[in-house]
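Here's a quick briefing to keep beside you while you look at the model. Take a look at the fold first, then read on.

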Amino acid sequence: MSIYALVDCNNFYASCERVFQPYLNNKPIVVLSNNDGCIVARSNEAKALGIPMGAPMHEYRKICINNNVKIFSSNYQLYGDMSQRVMDSLKHFCPNIEIYSIDEAFLQLDSFEKNFDLIKYALHIRQKLNIWLGIPVSIGIAPTKTLAKIANHVAKKSTSTGIFDLRDINQRENILTALPINEIWGIGKRLSLKLNELGINTAKQLRDANPKYIRKHFGVVVERIVLELNGISCLGLEMVKPKKNITSSRSFGKPITELQPLSEAISHYATRACIKLRNQSSKAQGIYVFITTNKHKPNEPQYRNSMIQGFVEPTADTNLIIRIAKNCLDQLYRSGYKYKKAGVILTDIISNRHKQNDLFSENDLQDKREKLMQVVDNINAQMGTNTIFNAAQGITRHWRMREEMKSNRYTTCWDELLQVVV
Ligand SMILES: [Mg+2]
C-alpha cells in the first residue's frame with residue numbers, strides 16, 4: 001500500500017519573520033504583496049482579527065494600527081532561502097520527496113511503515129524542523145496524496161500535535177462526511193457547483209459516486225480524485241521538471257517615462273531570469289520582452305507592446321541576453337507614456353548539455369563566456385546576491401518596487417545578518 005505524508009509549513013511567511021524576530025511570537029503579523037499592495041499572508045492572530053486573504057492594504061491599515069499588527073513587505077529572498085532549508089531538511093528524513101510549493105512537500109513513506117511508527121516519525125520530523133529552523137509545520141498522513149492533503153488540513157485546524165493520520169478507516173469516514181467538496185484538492189469553485197447540482201456536497205458523497213459516471217461527465221482528472229478518496233493511489237510523486245519558460249517581471253514602484261531607467265529594469269529582469277536559467281542547468285533559445293502602461297489609469301495615454309527575438313545559438317550568458325533584451329526595448333519604446341510594468345520571458349529552454357553551435361561562431365569564445373558566468377555565479381553565491389552585477393542594471397534603481405517594510409535578508413546577505421547586542 002502507498003503511504004504519503006504532506007508536510008505544510010504553518011503561516012510560512014509569518015513564521016520566517018518570527019525566526020529572526022522572536023518577540024513577534026503570538027503577535028499578529030501580515031505580509032504584503034509586491035509594491036505593498038495587498039495582504040498575502042497572515043499569522044493566526046491576524047486571521048483572528050478578521051483580516052482576509054488578498055485584502056487591499058489601504059482598507060485594513062486602520063485595523064492593523066489599532067491592533068498593533070506588524071506589517072512586512074514581502075522578503076522573497078528570505079522566504080526562498082528558508083524554503084530551501086526546509087526541503088533540504090525533509091530530504092534527510094525521506095529521500096522520496098516532491099516539492100509541491102514554496103512551503104509544502106509530499107513524502108512517500110511506503111517502505112517506512114515496516115520499521116517505524118509513522119505518527120512518531122512525523123512528530124520527530126516536526127520537532128527537528130522546529131529545532132533546526134524554527135519553522136512550525138503540520139503533517140497529514142494517508143494512503144493517497146488527495147487524502148494526505150485532507151489529513152494535513154485536519155492536522156492544522158483541529159489537533160494540538162500538528163499531525164493527523166487518515167489511514168484509519170473510521171476516522172476517515174467522519175472527516176469525509178463533514179468535509180465540503182470545494183475543500184478537496186483539485187476541486188475548484190465551478191466544479192463543486194456542478195457537483196452540488198447532482199446532490200454531491202461532501203467528500204464522502206464524492207467518494208461514493210460511481211467513478212465511471214464521474215469520468216463520463218467530468219473527465220479522467222475528477223475520476224482520479226474519486227479513486228484517491230477511496231484510498232486508491234493514482235497520483236504518484238512528481239519530480240521537478242526544468243521549466244520550459246522563465247519569466248521575470250515586476251511592476252515599478254513609480255511610473256517610468258524615460259528609456260534609460262526602463263532599460264535598467266529590463267537588464268535587471270534579464271539578469272534574474274538568466275540566474276534561474278543557469279540554476280536549472282539550461283539554456284534559452286529566445287527572449288520575449290514586453291512593456292506596458294497602467295491599464296487601471298484609463299485617463300492616461302495607453303501603450304503596450306512586446307516582441308520576440310530568437311538567439312543565434314542556445315545561451316545562458318547574461319551579457320549576451322542583456323544586449324539582445326535592450327535591443328528589443330529600443331524598438332518597443334515610445335516616449336510620452338508612463339510605463340507601469342516591464343518584463344522578459346526566456347523561451348524554448350533546453351538542457352545545457354545540448355550543444356548545437358552556430359557554424360560561424362568561435363567555440364573557444366563560448367567556453368570562455370560560460371566560465372565567466374560560473375565565476376560570477378560563484379562569487380554571488382558566496383558573497384551575497386548582486387556582489388557582482390552588470391552596470392546595465394543600474395546602481396540606484398529608483399524604479400524598484402515599493403517594499404518599505406521589508407525585514408533583513410538574514411540568511412543570504414552578509415550586511416543583513418542577525419545582530420546580537422550584548
Ligand atoms: Mg502553508
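Of the 422 residues in the protein chain, 45% count as buried. Keep in mind that this is a predicted model. The chain has 14 helices and 13 strands, and the notes below cover two of its sheets and a magnesium site.

**The chain overall**

- Taken along the principal axes, the C-alpha atoms fill a box of roughly 65 × 60 × 50 Å.
- The accessible surface comes to about 22600 Å², and 51% of that belongs to carbon and sulfur atoms.
- If you look at contacts between residues at least 6 apart in sequence, 68% of them join residues at least 24 apart.

**The five-stranded sheet**

- Reading across this open sheet, the strand order is S5-S6-S1-S7-S8, and the pairing is mixed.
- Strand S5 (97–101) and strand S8 (163–165) sit at the edges with a single partner strand each, so one side of each has no neighbour in the sheet.
- Going from one strand to the next, the twist averages 15 degrees.
- Inside the sheet, strand S1 (residues 4–9) pairs with strand S6 (residues 104–108) in the antiparallel sense, over five bridges.
- If you want a spot to find that pairing, Tyr 4 stands opposite Gln 108 in S6.
- Helix H5 (residues 118–133) packs on this sheet and touches S6, strand S7 (137–142) and S8. The direction of H5 makes about 160 degrees with that of S7.

**The magnesium site**

- Which protein atoms act as donors to the magnesium ion? They come from Asp 8 (OD), Cys 9 (O) and Asp 103 (OD), and they lie 2.1 to 2.4 Å from the ion.
- Along the chain, the donors follow the spacing D-C-x93-D.
- The site brings together distant parts of the chain: Asp 8 is in strand S1, while Asp 103 is in the loop between S5 and S6, 95 residues apart.
- Are Asp 8 and Asp 103 buried or exposed? Asp 8 has a relative accessibility of 11%, so it counts as buried. Asp 103 is also buried, because its relative accessible area is 16% and the cut-off for buried is under 20%.

**Around Asp 8**

- The side chain of Asp 8 makes a polar contact of 2.6 Å with the side chain of Lys 156.
- Leaving aside residues up to four places away in sequence, Asp 8 touches Asp 103, Glu 104, Val 137, Ser 138, Asn 152 and Lys 156.
- Asp 8 therefore turns up in two of the topics here: it lies in strand S1 of the five-stranded sheet, and it is one of the magnesium donors.

**The three-stranded sheet**

- The other sheet is also open, with the order S3-S2-S4 and mixed pairing.
- Strand S3 (39–42) and strand S4 (70–72) are the edge strands, each pairing on one side only.
- From one strand to the next, the twist here averages 25 degrees.
- Strand S2 (residues 29–32) runs parallel to S4, and three bridges join the two.
- To locate that pairing on screen, look for Val 31, which stands opposite Phe 72 in S4.
- Helix H1 (residues 12–20) packs on this sheet, touching S2, S3 and S4. The direction of H1 makes about 110 degrees with that of S2.

Notes
Residues are numbered from 1 along each chain as its sequence is written. This is a predicted model: local features need pLDDT of at least 70, side-chain atom pairs count only at pLDDT 80 or more; totals for chains, interfaces and linings use all residues. Side-chain values use heavy atoms; hydrogens and water are left out. Two strands pair if DSSP finds at least two bridges between them. Helices (H or I, at least four residues) and strands (E, at least two) are DSSP runs, numbered from the N terminus. Axes are lines fitted to C-alpha atoms, for helices over the stretch in contact, and angles run from 0 to 180 degrees between N-to-C directions. Contact means heavy atoms within 4.5 Å. Donors are N, O and S atoms within 2.8 Å of the metal (3.2 Å for Na, K and Ca); water is not among the atoms, so sites may look incomplete. Buried means under 20% relative accessible area, exposed over 50%, partly exposed in between (1.4 Å probe, protein chains only). A polar contact is a pair of N or O atoms within 3.5 Å; within protein, one must be able to donate a hydrogen and the other to accept it, and residues adjacent in sequence count only if both atoms are side-chain atoms. Accessible areas come from the Shrake-Rupley method with a 1.4 Å probe; for residues, only the protein chains shown count as cover.
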